[in-house]
Amino acid sequence: ESGARGGTGFVGRALTQLLRSRGHQVTHVSRQGGKDRITWEELSHSGLPLCDAVVNLAGENVLNPFRRWGDAFCREVISSRVETTKALAEAIAAAEQPPRAWVLVTGVGFYRPSPTAEYTEDSPGGDFDFFSRLVSSWEAAALIPGSPTRGVVVRSGVVLGRDGGAISQMLLPFRLGLGGPMGSGLQPFPWIHIQDLSGIVCHALEKESVQGILNGVAPSSPGTSNGTFAQELAAALGRPALLPVPAWAVRAVFGAERAVMLLEGQRVLPKRTLESGYSFIFPELPAALRDIVA
């Protein structure tokens, strides 16, 4: 099986490894060509290569609150993420032999942050701030009306893994004993281990009955606050979680728009993900963190 996907990023590397270990062939769509790669230009000229499935991870950097951005970023990000999704959707729609599955990874930023509300895949959202509108237009760009290709959207939480994502930015202060909760620490912290995010995408590709929206968050994550996360990370490192990081400092470092992702959060339930038969490798936070910081 080959799948075209955006990015050799953090999630892309983990997913590629998992798919290859399961005997699938993977081709990346990237700016540069090369072995097992095609360029976006080739895609637009020659169409989609023959493949069973297409995965679009092009947006992972946007949703990672730990990437810097400037003002131009917003316009650029929206167009680049939504445009890559549109380009892939159009290539799928135009293919003589369309792929069987089309998976897009977006984010739980679709749901409105709230200390109490709990969201399933059927909950409304998508129209109250920059991120929710980004996710809406991104998911809309993936729709291919009347297509025989199965469409799946995975709304991912904060991805935890060893060599990238949120943890890599947090480790140093925590290792120094300076890590702590952000802001009040009471806000929900929707998380998922990278192996489970890759696992859900792989499950969606391999299981013909899976379609529609799946929440990519660990089953125990609705009970995780930013404060408990800080405590568990400190415990996994054998350090105290001492210093709360005041909200103003989070805004200063990450910018107001992304600070929201850290200072506010959503309780998200992976209801349809579990119903689809996916079983989590890291459903609980302590084991997930032990795996990562070991």
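Which helix supplies the largest share of the lining of the second largest pocket? In this predicted model, that share comes from H7, which gives 7 residues to the lining. The points below take up this pocket, then strand S8 with its partner, and then Ser-225 in its loop.

**The second largest pocket**
- The second largest pocket has a volume of about 410 Å³, and of the 20 residues that line this pocket, those closest to its centre are Ala-14, Gln-17, Ile-194, Gln-195 and Ser-198.
- At least two residues of the lining are supplied by each of helix H1 (10–21), helix H7 (194–206) and helix H12 (285–293).
- In chemical character, the lining of the second largest pocket divides into 7 nonpolar, 7 polar and 6 charged residues.

**Strand S8 and its partner**
- Strand S8, which spans residues 158–161, is covered on both faces, with Val-158 and Leu-160 buried on one side and Val-159 and Gly-161 buried on the other.
- In a regular strand, side chains alternate between the two faces of the sheet.
- S8 runs parallel to strand S9 (residues 191–193), to which 3 bridges join it, and within this pairing Val-159 stands opposite Ile-192 of S9.

**Ser-225**
- Ser-225 lies in the loop that connects strand S10 (212–216) with helix H8 (226–237).
- Ser-225 counts as buried because its relative accessibility is 17%, and the cut-off for buried is under 20%.
- Leaving aside residues up to four places away in sequence, Ser-225 touches Gly-185, Leu-186, Gln-187, Pro-188 and Phe-189.

How values were computed: Residues numbered from 1 in each chain as written. Predicted model: local features only at pLDDT ≥ 70, side-chain atom pairs only at ≥ 80, totals over all residues. Heavy atoms only, no water. Helix = DSSP H or I, 4+ residues; strand = E, 2+ residues; numbered from the N terminus. Buried < 20%, exposed > 50% of the residue type's maximum accessible area, 1.4 Å probe, protein only. Contact = heavy atoms within 4.5 Å. Pairing = 2+ DSSP bridges. 1 Å grid on protein atoms, 1.4 Å probe; cavity = no way out; pocket = protein on both sides within 12 Å on 5 of 7 lines; lining within 4 Å. Points joined across faces, edges and corners; volume = space filled by probe spheres on them. Nonpolar A, V, L, I, M, F, W, Y, C, P; charged D, E, K, R; others polar.
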